[in-house]
Amino acid sequence: MKEHQAKQREADRYKTLLEIGQSLVTITDLDQLLRQIIDVLAKEIQAERALIILRHPITGEMRIANSTANVDTSTLEDAILFSKTIVSDVVNKGKSIFSRDVIKDGTYSKTDSVMNLKIRSLMCVPLVAKQNGDIIGTVYVDNRSVGNIFSKDDLTLLESFASLAGMAIENAHLYELAIMDELTKCYVRRYFEQRVREEFSRAERQGSALSLLMIDVDQFKEVNDQYGHALGDSVLKEIAITVKRNLRTYDLLARLGGDEFAIILPEVGFQDAYRVAEKIRTATAQLTFPGTQAKTTISIGISCYPLHHVNDVESLLKKADVALYKAKQLGRNTCFFYGQQEMLELFGQVALDGSGPSQLSLAQLLEKMEVENKGDVSEEIDFIIGKSIDLLKDLFEKADQLKIMAVRMNNQIHQIDFTSNKVAEVNGLLQKLLTRQGELERALQDYRRMLSDLPLMKP
């Protein structure tokens, strides 16, 4: 009877773990997924420590991606070390290692990590990617208090669970690659646009605050031109790292393209958004880059819901953009929130209707500002001109790339056999290229004429 009950408990445990494993495949956030795997292991496997160790796809370096919260942190070594010998063997051979008592088994008893960590019972199983069969890491559990704590059934259960966990980690990693900018490890524009809509809907539904920060690296083209694109890439990466250090885990940083970034701050009102922006701006201004005297600064535009009376995401984005261009107009290396200048000017006017500035909230002040400026199109013009400047800047960068491509084409053409049929094909392509170039030149000439005909440009 007892034996039957024990088998039934084991079967129920096995079924539960596999059901949980199958549900993991739907989680696309890698950090959330790893935390979930660890929580399940901590509950189902009687281990003092459970670690997810992932292998870098290029360097092969093994790192702890997540671990149980009850790791002994009395010393740094205890907090971060695992048996590298055992993990390496599992990764290299693709086979699990199981020991009820590592010291008595003898195979790994003399390795430094086993002796230093005083490991007794241990299980380490590979995490295998379904797509190509590569080993992407291991699930590693050990116990340092007692030996003989793990059974063969535990190992079978862990291997089955690890098989599903490996698939889930692979899926999450592939999803992460699709939504992450390779250079800066920030989210891409497409994902940002999806998330800002979700957060705006949530803020509307719950009546909570939402702030948006638009960031532009000041005079970034000059950095690229003077020091080269390698340093430019380094600047973008360091700025992204610096910004992330000053955000909460559930804030979202995206690279919208080039040197433009955006931050979503859920449940953050104006004052905290401005504080975060200033913190980021100050930290960025302190960055230094070896081999150059260049000091890199950023400009930040801020818009907030519901403070800025926006009814949709497009309005929130546009007001953050307008604020960003105002920040640049003020000399760069500045944080500017939408309506800031008009509000400051309005401080001298609000007392006319009997309300002193100190009695008005920021929202009321903005409301008054919008009434005062009703029909004023200067803000819209600022926005259009700012966007036009950005587009022209992109054209300059594309033109530089075309020059590089022309040099490469010249080098390659010299190697063509001019008696071959390939010459006519290449010549046809070059003619198409020149035609497109002519079209672009004519479009820019039309644009120049249109600007020259504007009333403000007339003498």
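Helices (H or I, at least four residues) and strands (E, at least two) are DSSP runs, numbered from the N terminus. These labels are used in every legend below, and the model shown is predicted.

**Figure 1. The chain as a whole contains 16 helices and 11 strands.** Of its 459 residues, 41% count as buried. Contacts between residues at least 6 apart in sequence are dominated by distant partners: 65% of them join residues at least 24 apart. The chain exposes about 26500 Å², of which carbon and sulfur atoms supply 53%.

**Figure 2. Helix H10 (residues 229–245) has buried residues covered by several helices and strands.** At 1.5 Å a residue, the 17 residues of H10 should span 24 Å, and the separation of the end C-alpha atoms, 24 Å, agrees with this. The buried residues of H10 include Leu231, Gly232, Val235, Leu236 and Ile239. Ala240, Thr242 and Val243 are buried as well. An α-helix has 3.6 residues a turn, so residues three or four places apart point the same way. Among the elements that cover the buried residues of H10 are the strands S7 (210–217), S8 (252–257), S9 (260–266) and S10. The helices H9 (220–227) and H11 also contribute to this cover.

**Figure 3. Thr296 lies in the loop between helix H11 (270–285) and strand S10 (298–305).** Thr296 has a relative accessible area of 3% and is therefore buried, the cut-off being under 20%. Leaving aside residues up to four places away in sequence, Thr296 touches Val217, Val235, Ile239, Thr284, Ala285 and Phe289. Two of these partners, Val235 and Ile239, are among the buried residues of H10.

**Figure 4. A cis peptide bond joins Tyr305 and Pro306.** Omega of this bond is about 5°. Pro306 is found in the loop that runs between S10 and helix H12 (313–329). Most residues other than glycine have a negative phi, and most peptide bonds are trans.

**Figure 5. Glu267 and Asn333 are loop residues, found between S9 and H11 and between H12 and strand S11 (335–337), respectively.** Glu267 is not a glycine, yet its phi is positive, near 60°. Asn333 likewise has a positive phi, of about 50°, although it is not a glycine. With a relative accessible area of 28%, Asn333 is partly exposed.

**Figure 6. Tyr325 of helix H12 is shown with Gly301.** Tyr325 is buried, since its relative accessible area is 5%. Tyr325 and Gly301 are 24 residues apart in sequence, and their C-alpha atoms lie 7.4 Å apart in space.

**Figure 7. The second largest pocket encloses about 820 Å³ of space.** Helix H15 (378–413) and helix H16 (422–452) are the elements that give two or more residues to its lining. The lining comprises 22 residues, of which Ala399, Leu402, Gln437, Leu440 and Glu441 lie nearest the centre of the pocket. H16 gives the most to the lining, with 12 residues. By character, the lining residues of this pocket divide into 15 nonpolar, two polar and five charged. Rolling a probe the size of a water molecule over the atoms shows where empty space is left.

How values were computed: Residues numbered from 1 in each chain as written. Predicted model: local features only at pLDDT ≥ 70, side-chain atom pairs only at ≥ 80, totals over all residues. Heavy atoms only, no water. 1 Å grid on protein atoms, 1.4 Å probe; cavity = no way out; pocket = protein on both sides within 12 Å on 5 of 7 lines; lining within 4 Å. Points joined across faces, edges and corners; volume = space filled by probe spheres on them. Nonpolar A, V, L, I, M, F, W, Y, C, P; charged D, E, K, R; others polar. Buried < 20%, exposed > 50% of the residue type's maximum accessible area, 1.4 Å probe, protein only. Contact = heavy atoms within 4.5 Å. Areas by Shrake-Rupley, 256 points an atom, 1.4 Å probe, with all protein chains shown as cover. Expected span 1.5 Å × (residues − 1).
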